[in-house]
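Trainee: I would like to go through this chain and ask where each label comes from.
Mentor: Then let us look at it together.

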Amino acid sequence: QSMLGGAAHLLSFEGSDTLSAGYFAQYRLNGGRPVATSIPATEHSVMTAYSSERQAMLSTIEAYGDGVFACVMDSYDYGRALAEVLPVVAEKKLEKGGYLVIRPDSGDQVEAVLLGLRAADRVFGSAVNAKGFRVVQGASVIQGDGVTSASLRRILKAVHEARYSAQSVGFGMGGGLLQKVNRDTMSMAVKLSAITYEDGTERHLMKFPKEGSEKVSLPGRFAVYADAAQGGAPVTHRSTEEKEGEADLLRLVYDGGRALDTSGVWDDFDTVRTRVADQWRRFPLKARAVSEALLEHQRHVHQQQELSVAGGDAFHQ
């Protein structure tokens, strides 16, 4: 689906982050000639790894600010980031001379785009085009959070009514271009949960945007054990919760680019198929997937994060 749907997308567009489609179209259909482009863009793991969103954006601008680059801005509070961080990093952005793409990733799709456009207009200004619509100078907003053809129309209608040019808005569409069967169908995502800095300090991280509580993630380092009380269903624990006599089901297959011995780690397809059939029979329809200790740790990290947001450290430290 990603390869064929993404290749179909590339018939009419050049921008894509779907590597399978870009590779397929370039090397199988176009004699090796490139057909897709992308830009440097942060995501939540990058933004929350820094001591503040200001530091994250300044670092991104320093590295990529002379070209087109994107920053996600809803890791903590999208509205406050637009009001408090964007004006502070504006001078550095203007100095580098590049083009900033602001990305919301939660909340109301229409409102998030309009908030971004108005904030960028206040900070960078706009020019009125020949058709009487405002074009933000050196910046735009991209909406890629669950976009469908229907929501795209709603967003553009609101942008039109606000007298902004569609030139100042971009869109990202993944599963919405295909059958709308994607990672959100099963609430599946991969998030940064812990980071160790060069001085040895470890920090546990989680995503919990103000306008997207359904996107909460787990903080810390983990272990997964089969729960006999639930037919062997896997339960995620803190790595410090060792289970005597039980094996951690997690296997390390990638570590910062270092080559690892993965012999015996990857099962063949027949083995996985047999295991799925067995587990389908044994597992309950609903299972407790996270240990109480890990949930308590999540509450603690979230409380610390809320204090950091309320005090402004998440934005300005």
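Trainee: What share of the contacts in the chain with a separation of 6 or more comes from residues 24 or more positions apart?
Mentor: Such residues account for 64% of those contacts. Contact here means heavy atoms within 4.5 Å.

Trainee: What should I know about the model before we go on?
Mentor: It is a predicted model, in which local features need pLDDT of at least 70 and side-chain atom pairs count only at pLDDT 80 or more, while totals for chains, interfaces and linings use all residues. Residues are numbered from 1 along each chain as its sequence is written, and side-chain values use heavy atoms, with hydrogens and water left out.

Trainee: How many helices and strands are there?
Mentor: The chain has 10 helices and 10 strands. Both are DSSP runs numbered from the N terminus: helices are H or I with at least four residues, strands are E with at least two. The C-alpha trace spans about 70 × 50 × 40 Å along its principal axes.

Trainee: What percentage of the residues counts as buried?
Mentor: Of the 317 residues, 35% do. Buried means under 20% relative accessible area, exposed means over 50%, and partly exposed lies in between (1.4 Å probe, protein chains only).

Trainee: Why is Pro87 called partly exposed?
Mentor: Its relative accessible area is 40%, and partly exposed is the class between the 20% and 50% limits, so the label follows. Pro87 sits in helix α5, residues 78-96. Leaving out residues up to four places away in sequence, Pro87 touches Leu82 and Val123.

Trainee: What label does Thr262 get?
Mentor: Thr262 has 23% relative accessibility, so it counts as partly exposed. Its place is the loop between β10 (233-238) and α8 (269-282). Leu252 is 10 residues from Thr262 along the chain, and their C-alpha atoms are separated by 8.1 Å.

Trainee: How do you know that the length of helix α7 agrees with what is expected?
Mentor: The expected span is 1.5 Å times one less than the number of residues. Helix α7 (residues 149-161) has 13 residues and should span 18 Å; its end C-alpha atoms are 19 Å apart, which agrees.

Trainee: Which residues of α7 are buried?
Mentor: They are Ser151, Leu152, Ile155, Ala158 and Val159. These residues cover an arc of only 130° around the axis, so they are on the same side of α7. The arc is that of the directions from the helix axis to the C-beta atoms.

Trainee: What lies on the other face of α7, and what covers the buried residues?
Mentor: The face turned away from the buried side carries the exposed residues Arg153, Lys157 and Glu161. The cover of the buried residues includes α6 (109-124), β5 (139-143) and β6 (169-171).

Trainee: What makes Arg163 worth a remark?
Mentor: Arg163 has a positive phi of about 70° although it is not a glycine. Most residues other than glycine have a negative phi. Arg163 lies in the loop between α7 and β6, and at a relative accessible area of 38% it is partly exposed.

Trainee: How do you know that the buried residues of α4 line one face?
Mentor: Glu53, Ala56, Met57, Thr60 and Ile61 are buried in α4. Seen down the axis, the buried residues fall within an arc of 130°, so they line one face of the helix. They pack against α3 (44-49), β1 (68-72), α5, β2 (99-103) and α10 (313-316).

Trainee: What makes an empty space a cavity?
Mentor: On a 1 Å grid over the protein atoms alone, a cavity is a set of points where a 1.4 Å probe fits but cannot get out; a pocket is an open set with protein on both sides within 12 Å along at least five of seven lines. Grid points are joined across faces, edges and corners, and a volume is the space filled by probe spheres set on the points. By this rule there is 1 cavity of 30 Å³ or more. The largest cavity holds about 50 Å³, and the residues lining it include His44, Lys191 and Met206. Lining residues have an atom within 4 Å of a point.

Trainee: How many residues line the second largest pocket?
Mentor: There are 15, of which Leu250, Arg251, Leu252, Val253 and Tyr254 lie nearest its centre. The space in this pocket is about 570 Å³.
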